[in-house]
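Good morning, and thank you for making time for this presentation. I would like to take you through one structure, beginning with its strands and then turning to its helices.

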Amino acid sequence: MIPILMMLACMPAPQPLSKAQLREAVGIAEGQDPDALLAQVISLVEAHEKEDPVRHPGGPHRRINGTAWVFDRFTELGLEPWIEETDADGEYPITNVLAEIPGKSKEIVYVTSHHDVWYTPADDNTSGVVAMFAAVEAFLDEDLDRTVRFASFDQEETGLRGSNYHYRNTDLDDVVAVVNMDAIAYADRSPGSQSSPTGFSTPDVADFIAVIGNQPAKDLLYWSTQLGPELPHPLHVIAVYGVGDNDKYLLQDLHRSDQSMAWFEGIPAAFLTDTTNFRSSLYHTEGDTVDSLDPRFFAGSTELVIALAWAAQVQR
Ligand SMILES: [Zn+2]
């Protein structure tokens with residue numbers, strides 16, 4: 001059975017990936033080495049550790065060295081990143097970093113994560129940034145149908161400020177999909193390790209990745225459930241549809257990352273997450289270290305990011 005939690009019954013059916021499309025997307029995602037991914041996490045965590053934090057009410061907040069690390073990594077991989085910045089938010093300056101790999105059409109698929117952090121955490125969201133770069137590497141030498149734009153947002157932790165600024169100041173007419181990652185490397189395979197937000201029912205073992213979407217993202221969600229078991233590091237995927245554009249107060253937990261702003265623009269957007277505090281006591285603490293990550297799970301979730309973004313850039 002395809003594990004989709006349906007919040008609303010009357011919606012158009014998704015268009016599944018064909019067997020050939022599935023094989024192609026999984027093929028692009030092959031070759032992810034858990035140790036190499038963790039080495040990237042360690043590198044970015046070490047960059048965070050060298051920065052003096054700004055003390056906000058939520059804790060020590062770091063963003064400067066993460067911004068530089070992301071910019072340098074894009075450059076190392078041969079892309080030409082650009083900066084989007086503003087001081088309009090006073091004590092919350094924003095420096096987003098973007099880069100893209102052009103495709104044949106003018107349509108754009110976004111792959112996004114955030115590089116600002118509380119403390120110096122591995123899961124939230126160094127894991128997401130590292131997965132984004134795994135997608136860059138996987139796509140670099142491929143012929144893309146659609147342009148893939150990679151966006152590393154700033155000031156997510158202080159209220160989705162970086163993505164808010166971006167989505168409100170960008171021409172979004174050609175944007176056809178968003179794949180956003182926020183904390184995708186923590187798992188716990190013991191019974192009773194998973195809890196859920198009010199109104200949701202999830203398995204009680206914290207070994208799945210949640211892929212949360214608005215209704216326009218129905219294909220992305222369905223494809224995630226098709227891709228999960230086929231990946232080199234097979235992944236249990238739970239797809240979650242919200243109501244409408246998830247604009248109901250009941251669903252505020254679903255809005256806790258940068259795809260929220262894309263939902264409000266009506267763009268199909270999928271949010272990949274290990275659900276953080278619904279399975280981990282380390283969320284937003286000093287305990288969110290690389291040792292606490294699950295390398296096999298992280299490799300699988302990274303493969304899902306790549307395969308899903310690949311499927312989204314194929315012109316249909
Ligand atoms: Zn986060």
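Let me begin with strand β3, residues 59–62, which is joined to β7 by two bridges, the two strands running antiparallel. Within this pairing, arginine 62 has valine 117 of β7 as its bridge partner. Please bear in mind throughout that this is a predicted model.

On its other pairing, β3 meets β2 in the antiparallel sense, over three bridges. Here arginine 55 stands opposite proline 60 of β3. The connection from β2 to β3 is a hairpin, made through two residues. In what order do the three strands of the open sheet lie? The order is β2-β3-β7, and the pairing is antiparallel. The edge strands are therefore β2, at 54–56, and β7, at 117–118, since each of them pairs on one side only. As a general reminder, the strands of a sheet pair through backbone hydrogen bonds, in either a parallel or an antiparallel manner.

Before the helices, a word on confidence. The protein chain has a mean pLDDT of 92, and 94% of its residues reach 70 or more. Residues 1–9 have a pLDDT below 50, although this stretch has 18 contacts in the model beyond near neighbours in sequence. Where pLDDT is low, predicted coordinates should not be read in detail.

I turn now to helix packing, starting with α2 and α3. Helix α2 comprises residues 34–49 and helix α3 residues 64–76; their axes come within 7 Å and cross at roughly 140°. This crossing is right-handed. On the α2 side the contact is made by Leu44, Ala47 and His48, and on the α3 side by Asn65, Gly66 and Trp69. By class, the α2 and α3 contact divides into three nonpolar residues, three polar and no charged.

Helix α2 also packs against α4. The axes of this pair come within 9 Å and cross at roughly 120°, and that makes α2 oblique to α4. The crossing of α2 and α4 is again a right-handed one. From α2, the contact involves Leu37, Gln40, Val41, Leu44 and Val45; from α4, it involves Ala122, Thr126, Ser127, Val129, Val130, Phe133 and Ala134. Nine of the residues in the α2 and α4 contact are nonpolar, three are polar and none is charged. I would draw your attention to Leu44, which takes part in the contact of α2 with α3 and also in that of α2 with α4.

What is the angle at which α4 packs with α8? Helix α4, residues 122–139, and helix α8, residues 295–313, pack at an angle of about 50°, with their axes 9 Å apart. The two helices are therefore oblique to each other, and α4 passes α8 in a right-handed crossing. Ser127, Ala131, Ala134, Ala135 and Ala138 of α4 meet Phe298, Ser301, Thr302, Val305, Ile306 and Ala309 of α8. This contact of α4 with α8 has eight nonpolar residues, three polar ones and no charged ones. Ser127 and Ala134 of α4 thus appear in the contact with α8 as well as in the contact with α2.

Finally, two points of backbone geometry. Which two residues does the cis peptide bond join? They are aspartate 124 and asparagine 125, with omega at about 10°. Asparagine 125 has its place in helix α4. The second point concerns threonine 276, a residue other than glycine whose phi is positive, near 40°. Threonine 276 is placed in the loop between β12, at 269–273, and α8.

That concludes the presentation, and I welcome your comments.

Note on methods: Residues numbered from 1 in each chain as written. Predicted model: local features only at pLDDT ≥ 70, side-chain atom pairs only at ≥ 80, totals over all residues. Axes fitted to C-alpha atoms, helices over the stretch in contact; angles between N-to-C directions. Helix = DSSP H or I, 4+ residues; strand = E, 2+ residues; numbered from the N terminus. Parallel < 35°, antiparallel > 145°, perpendicular 65-115°, else oblique. Left-handed = near helix turned anticlockwise from the far one by under 90°. Contact = placed C-beta atoms within 7 Å. Nonpolar A, V, L, I, M, F, W, Y, C, P; charged D, E, K, R; others polar. pLDDT = per-residue confidence, 0-100.
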